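Colleague: Could you walk me through the labels used for this model? I would like to see each value set against its cut-off.

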Number of protein chains: 4
Amino acid sequence: MSAANGAPKGRVCLAYSGGLDTSCILAWLIEQGYEVVAYMANIGQEEDFEVAKAKALKIGAKSVHIEDVRKEFVDETIYAAVSANATYENIYLLGTSLARPIIARKQIEIAKREGCDYVSHGCTGKGNDQVRFEISYYALMPTIKCIVPWRIPEFFNRFQGRQDLLDYAAEKGIPVTQTKAKPWSTDENMYHISFEAGILEDPDTTPPADMWKLTVNPEDAPNTPEKLTITFKDGRPVKVVNAGDGTTHTDSLELFLYLNAMGRKHGVGRLDIVENRFVGIKSRGCYETPAGTILIAAHRDLEGLVMDREVRKIRDTLSPRLAELIYNGFWFAPERELIMSLVDHSQKGVDGSVKIKLYKGSCTIEGRSSAVSLYDRDISSMDIAGGFNPQDSEGFIRTHAIRIKAWEAVKAKKGNQ
Amino acid sequence: MSAANGAPKGRVCLAYSGGLDTSCILAWLIEQGYEVVAYMANIGQEEDFEVAKAKALKIGAKSVHIEDVRKEFVDETIYAAVSANATYENIYLLGTSLARPIIARKQIEIAKREGCDYVSHGCTGKGNDQVRFEISYYALMPTIKCIVPWRIPEFFNRFQGRQDLLDYAAEKGIPVTQTKAKPWSTDENMYHISFEAGILEDPDTTPPADMWKLTVNPEDAPNTPEKLTITFKDGRPVKVVNAGDGTTHTDSLELFLYLNAMGRKHGVGRLDIVENRFVGIKSRGCYETPAGTILIAAHRDLEGLVMDREVRKIRDTLSPRLAELIYNGFWFAPERELIMSLVDHSQKGVDGSVKIKLYKGSCTIEGRSSAVSLYDRDISSMDIAGGFNPQDSEGFIRTHAIRIKAWEAVKAKKGNQ
Amino acid sequence: MSAANGAPKGRVCLAYSGGLDTSCILAWLIEQGYEVVAYMANIGQEEDFEVAKAKALKIGAKSVHIEDVRKEFVDETIYAAVSANATYENIYLLGTSLARPIIARKQIEIAKREGCDYVSHGCTGKGNDQVRFEISYYALMPTIKCIVPWRIPEFFNRFQGRQDLLDYAAEKGIPVTQTKAKPWSTDENMYHISFEAGILEDPDTTPPADMWKLTVNPEDAPNTPEKLTITFKDGRPVKVVNAGDGTTHTDSLELFLYLNAMGRKHGVGRLDIVENRFVGIKSRGCYETPAGTILIAAHRDLEGLVMDREVRKIRDTLSPRLAELIYNGFWFAPERELIMSLVDHSQKGVDGSVKIKLYKGSCTIEGRSSAVSLYDRDISSMDIAGGFNPQDSEGFIRTHAIRIKAWEAVKAKKGNQ
Amino acid sequence: MSAANGAPKGRVCLAYSGGLDTSCILAWLIEQGYEVVAYMANIGQEEDFEVAKAKALKIGAKSVHIEDVRKEFVDETIYAAVSANATYENIYLLGTSLARPIIARKQIEIAKREGCDYVSHGCTGKGNDQVRFEISYYALMPTIKCIVPWRIPEFFNRFQGRQDLLDYAAEKGIPVTQTKAKPWSTDENMYHISFEAGILEDPDTTPPADMWKLTVNPEDAPNTPEKLTITFKDGRPVKVVNAGDGTTHTDSLELFLYLNAMGRKHGVGRLDIVENRFVGIKSRGCYETPAGTILIAAHRDLEGLVMDREVRKIRDTLSPRLAELIYNGFWFAPERELIMSLVDHSQKGVDGSVKIKLYKGSCTIEGRSSAVSLYDRDISSMDIAGGFNPQDSEGFIRTHAIRIKAWEAVKAKKGNQ
């Protein structure tokens, strides 16, 4: 096969970012005797794709594939996660995790189309992303082989720090951006940006104000709140209207980007946590997820109005499991499909509109309405009966008390033993 | 027994609030031939207890018992809930639910001490509070009998609106505060205040700015953030320090009240939701829970640093159940004791300090530290190995992929059938 | 409305069994001024429907409707329960609970067709069946009204024991079977028979050998085992073959009845438990569920072969909840539909055959096969590698140990404090 | 360190079974330059320990340690599992999993005492036992190093089948039992024996009658049932009485061994399943667990009588997780301690006696009693009120129906859209 590919060791499809690490990996793979097809996913990150493409070609990539996957990202994984209120460890909105399956699926498509024997990525051997990429690869193409330089001793022993990479880049003629390296690492996509490592490794260090990128500092946000109305259909956002200036979006991608812009403006969506990685390590991460924060707040609120209590409770027992398996990299897994089948069922009729206010870092619900509300103003009223017979509560309570009384009677008996 | 009590029908211990409803109930019970012992719990609400006492005596209460239960409230139920991050339907902090068992327990104590045949309260027949009170009563004194006027046709047919109560008050000489009735109902204690009914019955109506009572409007909050450090021991708050002025509190009640004051000042802890009552009705409620909001945010953050991932995950499967049963009124129930036994176990070693910033409605974590942290800077570092062998991840991922590959193989086979 | 029905109080559709209780209820309802439409469901119980019909007409029923619902019983509720391995409190196969929604749905159909204002049944006020019937009624016809004589003081005070019923029957000319009353109550349908009350109320009393009805005593069962092969498609039984005599059934009802006959012959499916009723009372029940016991054993075994581990685990967290809500009477409820949507998803591909042996009370699995097995003989072999790299396990284990080591390190530190 | 141990590579504590595999491993480790301390756990398996000891010494073990850990096995892990009804995948009683932590803990004790640098075992690289041993080792001694020959290429490439091992044994003068190898593998301890591999690798092959070892064939069991009464205190068995001959045991180990003998006699406790290994492989296993099968049946039955419904339900959500983590090897893990803390709490008051009948493969409950029963004969009676007001059920049901009616109303509305 390698002969057919024209390289002694065969052909590799490398997930290429344009940065120092994957540029060195690209050069190193070629040095090892592989032919390399570079692949860049446009997942909404800030990036000059043409500059990166030229760089990859200069280093020696056989070809460079730039793919805009933003639409499938928002439609397939982001809105699925919103419809489940998927939140890892009750707090993290899964920005990186939701992007990985979309990136990996396109990479496998290209690897198949280009006849690659291998796929490769620049993730480290300690993190979650290696798992997310590789589980996705193996699911979509069980015979694929992975080359992971940061887990190969020849590679990681050679490149023990940033200076080794810079030296290698100089040696190989790889262009290096002259900006000073930031004292943290980032991963950015349309849903969020993450910050970790470097000075953040002390979990007690407050992130510096100039670290945050996708949102303004709440202290610098406008003094006037922004009021939005978000409309959902079957648990997915279908419209956003700015109550102030009337701006309206209904396209799934456009409304998402608009919410990002609004969240950014008002400093909404920052997070600083210590989380548990799948490999068993704790790590400290900071995140900005503007649109996601707004959407989940609005979606969860709407569910209060239109979702049956028991349906919600059952779905809520599975959402944390869904979040966990997305975090761990199991998007392309039968259990993810299973839980989503239940979530989708639960979202039928999650229709309605939520009024939300953004102000200096917070997003506040101000009302909600729905044509299929389960809320009945009359029956819940304190002032009128509304079809409710208060005497029924007597039997309800007395029946619930039977078990408690039996328990107390036996407890007293035990105490006397 | 009634003879001994000196009243034809016996003696009642009434949970008395000083307001119009329970004042009329007090008079009505006497009119029905009961002797009434009035009981008021000081649970941290804003109230002139002496005025209320005089009023109850004037109406005809045999005695009035005012009991300060704030300390047991904070120590027994509030901090237990914080240690479990107990949140009903993922959002509501249970302010009323946590107060009811404390109030009911003291009421039963008084009922026993005063030789009462009955207990009574002023809750309606549609709400949660009737359940919370009565399940607690029955648990603590299985033989007690409950008189619930709002479920008795003779009472609720007679008093069909506020005017009927006012007329009755006039007739009975019950003093009525001349303030105009607010277009909503409230329940206040040290942990929170709730607003419901009236104009809030339309879930799309934004609460008016002058409704909120325990917190300033975020827009009116100071332009300068407040920075606090909260220290926990075994999951319970033991110290708060204001990083600005050095104010320090270590007493459980004082530190709680201080956090309330700080939250109030910065507009932290408002909530507006549609929730599911135990009796099967949806209702709309607005809440202010300043200290609780701050404490749970800080506590949850600390757990990221010091709690084992799997321990946290298991506890997190039970916290919603705990919140539900507290909400439903089952504090004095074997299942509440059971779950708390697990929560308490999980909190051993939840020790450390969290830095938190309050600013215009939001509370933001800015760092955390602990002497018993499970976070290992070296092992989680992206820059050094720290004892982690990156090659181990290879086997970890490949082993996890076995199941996924098998699944994909069979899926392909099914597709071919 | 009652005028239209020709009776002063209106028309009632009564679930009629032909026994003493519902015969007296029929007469009593007429006595109270109702017009009564009697309804008997053929749910597979042993009953002479024509005799019962004649009896109801003689008592005064306006009409008698006998409906064979056996096919929908097996197809809609029994096989759904089997596909979920639904088992209440880990042991009870829900024989009565699965019949009630089928009976109630047909009753509501008849009530609508016959223009009834009311439905009625003969269940007591302490049991589960009243809930199962009435929740089903209200779900299917929210405006229906229920007349439940055993909860009406005029009725239950009048009929305080069997003798009162016999006296009333004599007075009303209701024919009474001359067989002596058994010292227990039963409820029988195609899926099972239940025994409770009477001498069984002492939970330490061993049921007498002559109580059991649907199965022979294991001690009296044949000395030669019976061997069957049961085939499932998408988790539902589609074929049974007797390995001995070649008997084969593929019709859903016929194969079920055949398994009942085989289970009966070999004494399979007896159960004696103390269970928790929905109303909070413990009760002792004995059950015979021959086909159900065999089917769930076979179905669960097949899942081992064809179901993904994580899919199974997630489904298994919901099966007990499903069983509970079926037991409690919530078949026609959104949460039942929700969980079944997940169960159905999980059952796609639960295809294959299971060999089972019946012998003197036990049913034993002897092998299983499937065209879509996830079991891979090569990869699980102890003797050959089969594509598995044993070195991968090293990384798998070492990675899993990271978290444990961190925990032990901190535990040691805590111990030293 | 190795110098101090007198061997070029250091000292190893090997879990030695006396069989062909670990004998060859012992010789091979010595050949590789290690000094080997052999360790045999008496965990209740059938074994001539003195013969095995002589063999190990002959091969060259520096010392041989035989440790009777049966008492701690039964007291610490077996009865803990019984008290939780711990059952993996709803069916497997965890016989091997429960032994491994006990074996590993003693091995680490010896390794420490003997100054070993390494521990070693003879488990393969595809199974669960490698994980169970090594997670235990790492938990109890984080710095220990593991030598796992079946994962070392030099070893597994050299020994590709039984014949290679036999040749090596001949070469090294290792005595080999002349019995013909059975066409399956076994692992035996006091709790169970497992059979897998060989002819069992076809999951449709019925195990031959002569495979089973710890129980007689049900067809060969006595025609007369055996009747036992088992008494529990706080969920642990404390007494067994044979109702026939009066035999009584109260010592935890003796009563366990007696139940094993009774189960063996009556053919109780066989199991044949396809299960999911932790490493992601399905495998077929057959098991005999006589006493465990009896104990869990009795224990589960008693819980019906004495355990609160909600307590049981909550415990039942955690038992499968407990079983899973025990199966996966995480006995010495914080999450196991956490769940056991809840299980222990739930078992307070699980006191009472259960009557059980053993007969030709089945074990049947025949009654149960307790001084702290939550069952109330009067209140559950169908014949008397017993303090239960049947009218209360009306309100109970009507209140539960509110939510269902609201749901149906909205469903109708949706249908009309």
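**Labels and their cut-offs**

Modeller: Happily! In chain A, Thr96(A), Ser97(A), Arg100(A), Pro101(A), Ile103(A), Ala104(A), Arg105(A), Gln107(A), Ile108(A) and Lys112(A) of H5(A) meet Asp129(A), Arg132(A), Phe133(A), Ser136(A), Tyr137(A) and Leu140(A) of H6(A), where contact means heavy atoms within 4.5 Å. Those residues divide into seven nonpolar, four polar and five charged. This is a predicted model, in which local features need pLDDT of at least 70 and side-chain atom pairs count only at pLDDT 80 or more. Residues are numbered from 1 along each chain, and chains are lettered from A in the order in which they are written.

Colleague: Why are H5(A) and H6(A) called oblique to each other?

Modeller: Helix H5 (residues 95–113) and helix H6 (residues 129–140) of chain A pack at an angle of about 45 degrees, with axes 9 Å apart. Angles under 35 degrees count as roughly parallel, over 145 as roughly antiparallel, 65 to 115 as roughly perpendicular and the rest as oblique. H5(A) and H6(A) are therefore oblique.

Colleague: What makes Ala197(D) buried, and Asp234(C) partly exposed?

Modeller: Buried means under 20% relative accessible area, exposed over 50%, and partly exposed in between (1.4 Å probe, protein chains only). Ala197(D) has 8%, so this residue is buried. Asp234(C) has 34%, so partly exposed is the label.

Colleague: Where is each of these two residues found?

Modeller: Asp234(C) lies in the loop between strands S8 (226–233) and S9 (236–242) of chain C; its phi is near 50 degrees, positive in a residue other than glycine. Ala197(D) is in the loop between strands S7 (193–196) and S8 (226–233) of chain D, with phi near 65 degrees.

How values were computed: Heavy atoms only, no water. Axes fitted to C-alpha atoms, helices over the stretch in contact; angles between N-to-C directions. Helix = DSSP H or I, 4+ residues; strand = E, 2+ residues; numbered from the N terminus. Nonpolar A, V, L, I, M, F, W, Y, C, P; charged D, E, K, R; others polar.
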